[in-house]
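Hi,

Here is the structure I promised to pass on. Have a look at it first, and my notes on what turned up follow underneath.

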Amino acid sequence: MIFIRSKISTLHAACLIGGALMLNSCGDQKRESANELDLSGNIQIDGSSTVYPITEAMAEEFRMVAPDVRVTVGVSGTGGGMKKFSRGEIDIVNASREINASEGELAKENNLRFVELPVAYDGLTVAVHPENDWVREITLAELKKIWEPSAQGTITHWNQIRPEWPNEEIHLYGPGVESGTYDYFTEAIVGESHSSRGDYTASEDDNVLVQGVSTDPNALGFFGFAYYEENQDKLRAVPVDDQNDSNGKGAVLPSRQTVKDGTYAPLSRPLFVYVNSSAAARPEVIEFVNFYLDNAAILSEEVGYIQMTEEQYQEQKEKFEEFVQQASQQ
Amino acid sequence: MTNAQLNRFKDKAFQAFGLFCTFFGLIVLAIFLLDILKEGLARLDWDFLTSLPSRRAARAGILTAWAGTLWILVMTALIAIPLGVAAGIYLEEYGKKTRMASFLEINIANLAGVPSIIYGLLGLELFVRQLQLGGSLLAGALTLSLLVLPIIIVTTREAIKAVPKSLREASFALGASKWQTIRMQVLPAATGGIMTGIILSLSRAVGEAAPLIVIGALAYVPFVPEGPMDEFTVLPIQIFNWVSRPQEAFLINAAAAIIVLLCITFMLNGIAVYLRYRQQKKVKW
């Protein structure tokens, strides 16, 4: 089912134009200073469709700097991308979660070392229908009670979660079990990755989840921050209380600020790219990754994610430089 | 009510029901098309067709996507048509009606119903990894050829079956060999049906995204493929990608890309109808 919505929010339009202007100027500067960049070759990237928009933006801008480098980006998912990455079939993988043990093992077997570079944040947003006037905030324990595997078939009404909430059915919406978003949410909420109740409406397309929650007053769903931000008129985000006052007091609403400063925990998640050691020995890849880290702040915001702090990007650059030196010594 | 009146009423009722069924599908399709046209038509211009993909919805285009789709289409046709038609001719004209033949027949019919993602996995292992073709156009076209082969084989057989036996017998009576009969009598008479099958199956191939994503077709490709070993993307992948973006402007792009994809499909179907019409005029018994 394809839902085509008709209205462009003015906020978004403003964002787009603002972003475009800023980037144009930044791109132009880059081009002048980098006119001499005489690089060529192919850079093959694959992996998460969540990270894809950032990497697509990078590839697009990098063409201005080094027009002879062919950067291609696929969307076979974090799992599919990691498999190719560990076999050395691609240079860089987009990942919406960390590399897991078996993938790391496979890379080792193929004599590949790799470096993990966080490039931006996403805030998983718990949302309800705007007419829902009872859920003003929710705690982690309550979210766990709703989503844990044993809730299947037993937690079916709102008043089972908090007695003062109405005796109405609760309808759940969430990403499909193959997505990194699902993995991260279950890890953070249930405590175990890939484990939750199965009787919820699942879709790989977050727009479908938005559509579901925005048309069902008894709904509760979760998805990426950008999908909430684009649909604020149809959804209401629920502040989440992690009951840890050192990390933002009380319930915290997801926003660009709270995700960036880490108070929207534990549902802010980092998005990564991984670079392998054989790729990091090639000048065009080194240039591209540095370009990526230099521009991640502005470009990730432009496509709907949340930038990390400047120091964090600086740290990643140093980490990458070290990795490149090791790779060249090999 | 007499029996006759009752029967007449039933007749009318069924007619009304049939009419409803006919229009139900058409109306849903019309609503869908109107929605897409309303959304996407304004976005559709020359720049959209000639630009590279971009993170800025207003600047993004589908050049590499439609070029990839055309490459895939032509290569799939070159691979699947000769194989499928030849297999159909063999099974219908030469194959002995043994248990082996009926076993093959059941399996080919079953293959026509296998979900496309399964073909993607097969293509990944066989073409991409074993034959080391990588995520190239050739690997994609071979995978889609497997996908549409059963359809071509089945429609070819049906078309050949529909050629009157008397025609073959007349040809044999004049001393023609089996191959001469097939080449000069049966195939020309069956061409209309075979063509329809081929074009419908290619229309299916044009709309596939899942098996191509599995074999490693990309989403961002900043160059138009120049040869069969190049990497590629296709329209359905680009559409899928845009539809799942949070920003509204990408959904409008998706609508515009859907219009282009629909145009390609309608063009194919138009060619099928035309070829069929021309062939039917030519064949006179």
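Together, chain B and chain A bury about 3600 Å², and 53% of that is on carbon and sulfur atoms. On the chain B side, the residues that lose the most area to chain A are Arg55(B), Tyr220(B) and Glu248(B), which together make up 23% of what that side buries. Do keep in mind that this is a predicted model.

In terms of residues, chain A puts 40 into the contact and chain B puts in 31.

On to the charged and polar pairs. The rule finds 7 salt bridges across the interface of chain B and chain A. One of them joins the side chains of Arg55(B) and Glu60(A), at 3.0 Å from N to O. Arg55(B) is also one of the residues of chain B that lose the most area to chain A. For polar contacts, the count between the two chains is 14 residue pairs, both residues being at pLDDT 80 or more.

As for which parts of chain B are involved, the elements giving two or more residues to the side that touches chain A are helix H1 (3-40), strand S1 (218-220), helix H10 (235-243) and helix H11 (248-282). H11(B) gives the most, with 6 residues. Sorted by class, that side of chain B has 16 nonpolar, 10 charged and 5 polar residues.

There is strand pairing between the chains too: S1(B) and strand S2 of chain A (residues 69-74) run antiparallel, with 2 bridges. Within S1(B), Tyr220(B) is the bridge partner of Val73(A).

Cheers

Technical notes: Residues numbered from 1 in each chain as written. Chains lettered and ligands numbered in written order. Predicted model: local features only at pLDDT ≥ 70, side-chain atom pairs only at ≥ 80, totals over all residues. Heavy atoms only, no water. Contact = heavy atoms within 4.5 Å. Buried area = accessible area lost by both parts, 1.4 Å probe. Salt bridge = Lys/Arg side-chain N within 4 Å of Asp/Glu carboxyl O. Polar contact = N/O pair within 3.5 Å; in protein donor to acceptor, adjacent residues only side chain to side chain. Helix = DSSP H or I, 4+ residues; strand = E, 2+ residues; numbered from the N terminus. Nonpolar A, V, L, I, M, F, W, Y, C, P; charged D, E, K, R; others polar. Pairing = 2+ DSSP bridges.
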